[in-house]
Amino acid sequence: MANNQQNLIPQAQRSPEEAREMGRKGGKASGKARRRKKDIKQKMKLLLSLPATANDREELAVMGVDPDDMDNEMVLVKSLFLAAADGDTRAFDRIMDLVGKTVAREELAIKKEELKKKTTPSNGALEDLIVGLQEDNDDLHAQTTGPHDALETE
């Protein structure tokens, strides 16, 4: 029978013993899942560190890979590289992500740069305008003070 709202009992309505027992079961299940993931990770690391097969070693040698680097991890990298070279855009995106140059990151960097340009006062043009206005103001000030000085001295 599928769970529905009638089958669900809020934690607050459970007895302390029942809540404790459920927590204990959850903790055991969580530990078991963590151990399983850890085991899988260790097994994968082992497989990746094993030497490449003879066929793969030959292909890697043709590509110029150092014999000391010829392990199963390098075989996977080679496969990803060849897939991207054949036009697999997902493989290309994955490679760019691995080397830290994802398209999304680069687009974000471009957008940040554009925003910075917008918030920067017109990249020097504003300063040039201010200097020009100050020079005009000085010229106007010089013109207005000249005749007034002449009138006052007479």
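Student: Which residues does D56 touch, not counting residues up to four places away in sequence?

Tutor: In this predicted model, D56 touches V75 and K78 once residues up to four places away in sequence are set aside. D56 itself has its place in helix α2, residues 54-62.

Student: Why does D56 count as buried?

Tutor: The relative accessibility of D56 is 18%. Buried means under 20%, so D56 at 18% counts as buried.

Student: What makes the link between the side chains of D56 and T53 a polar contact?

Tutor: The two side chains are joined at 3.1 Å. A polar contact requires a pair of N or O atoms within 3.5 Å, and the value of 3.1 Å for D56 and T53 meets that limit.

Student: What makes the meeting of the side chains of D56 and K78 a salt bridge?

Tutor: The N to O distance between these side chains is 3.8 Å. The cut-off is a side-chain nitrogen of Lys or Arg within 4 Å of a carboxyl oxygen of Asp or Glu, and the 3.8 Å of D56 and K78 satisfies it.

Student: How do you know that the pair links distant parts of the chain?

Tutor: D56 belongs to helix α2 and K78 to helix α3, residues 72-85, and the two are 22 residues apart. In general, side chains of opposite charge can pair when their charged atoms come close.

Student: Why is K78 called buried?

Tutor: K78 has a relative accessible area of 7%. The limit for the term is under 20%, so K78 is buried. Both partners of this salt bridge, D56 and K78, are therefore on the buried side of the limit.

Student: What does K78 touch, not counting residues up to four places away in sequence?

Tutor: K78 touches D56, E59, L60 and M63 under that condition. A network of salt bridges links D56, E59 and K78.

Student: How many salt bridges does a search of the whole structure find?

Tutor: The search finds five. One of them joins the side chains of R14 and E18, at 3.1 Å from N to O.

Student: Why does R14 count as buried?

Tutor: R14 has 19% relative accessibility, and buried means under 20%, so R14 counts as buried. Its partner E18 has a relative accessible area of 36%. Partly exposed covers values between the 20% and 50% limits, so E18 is partly exposed.

Student: What makes the meeting of the side chains of D97 and R94 a salt bridge?

Tutor: These side chains meet at 3.0 Å, N to O, and the cut-off is within 4 Å.

Student: Why are D97 and R94 separated by about one helical turn?

Tutor: D97 and R94 are three residues apart in helix α4, residues 89-98, and they are therefore separated by about one helical turn. D97 is partly exposed at 29%, and R94 is partly exposed at 41%.

Student: Where is the place of D88?

Tutor: D88 is in the loop between α3 and α4. With a relative accessible area of 35%, D88 is partly exposed. The D88 side chain reaches the backbone nitrogen of R90 at 3.0 Å.

Student: Which residues make up the largest nonpolar core?

Tutor: The core has five residues in all: A52, L60, V65, M70 and V75. The term asks for buried residues of the listed nonpolar kinds, joined through side-chain atoms within 4.5 Å. In soluble globular proteins, nonpolar side chains tend to be buried together. M70 is in contact with P51, A52, R57, L60, A61 and V65, leaving aside its neighbours within four places in sequence.

Student: Which residues make a nonpolar surface patch of about 370 Å²?

Tutor: That patch is made by M44, L46, L47 and L50. A patch residue must have over 30% relative accessible area. L50 has 35% relative accessibility and so counts as partly exposed. The place of L50 is in the loop between α1 (16-49) and α2.

Student: How many helices and strands are there in the chain?

Tutor: There are six helices and zero strands. Along the sequence the pattern reads α-α-α-α-α-α.

Student: What percentage of the 154 residues in the chain do buried residues make up?

Tutor: Buried residues make up 10% of the 154 residues. The accessible surface of the chain comes to about 13300 Å², with 57% of that belonging to carbon and sulfur atoms.

Methods: Residues numbered from 1 in each chain as written. Predicted model: local features only at pLDDT ≥ 70, side-chain atom pairs only at ≥ 80, totals over all residues. Heavy atoms only, no water. Helix = DSSP H or I, 4+ residues; strand = E, 2+ residues; numbered from the N terminus. Buried < 20%, exposed > 50% of the residue type's maximum accessible area, 1.4 Å probe, protein only. Polar contact = N/O pair within 3.5 Å; in protein donor to acceptor, adjacent residues only side chain to side chain. Contact = heavy atoms within 4.5 Å. Patch = residues over 30% accessible without salt bridge, like charges linked within 9 Å, V, L, I, M, F, W, Y side chains within 5 Å. Areas by Shrake-Rupley, 256 points an atom, 1.4 Å probe, with all protein chains shown as cover.
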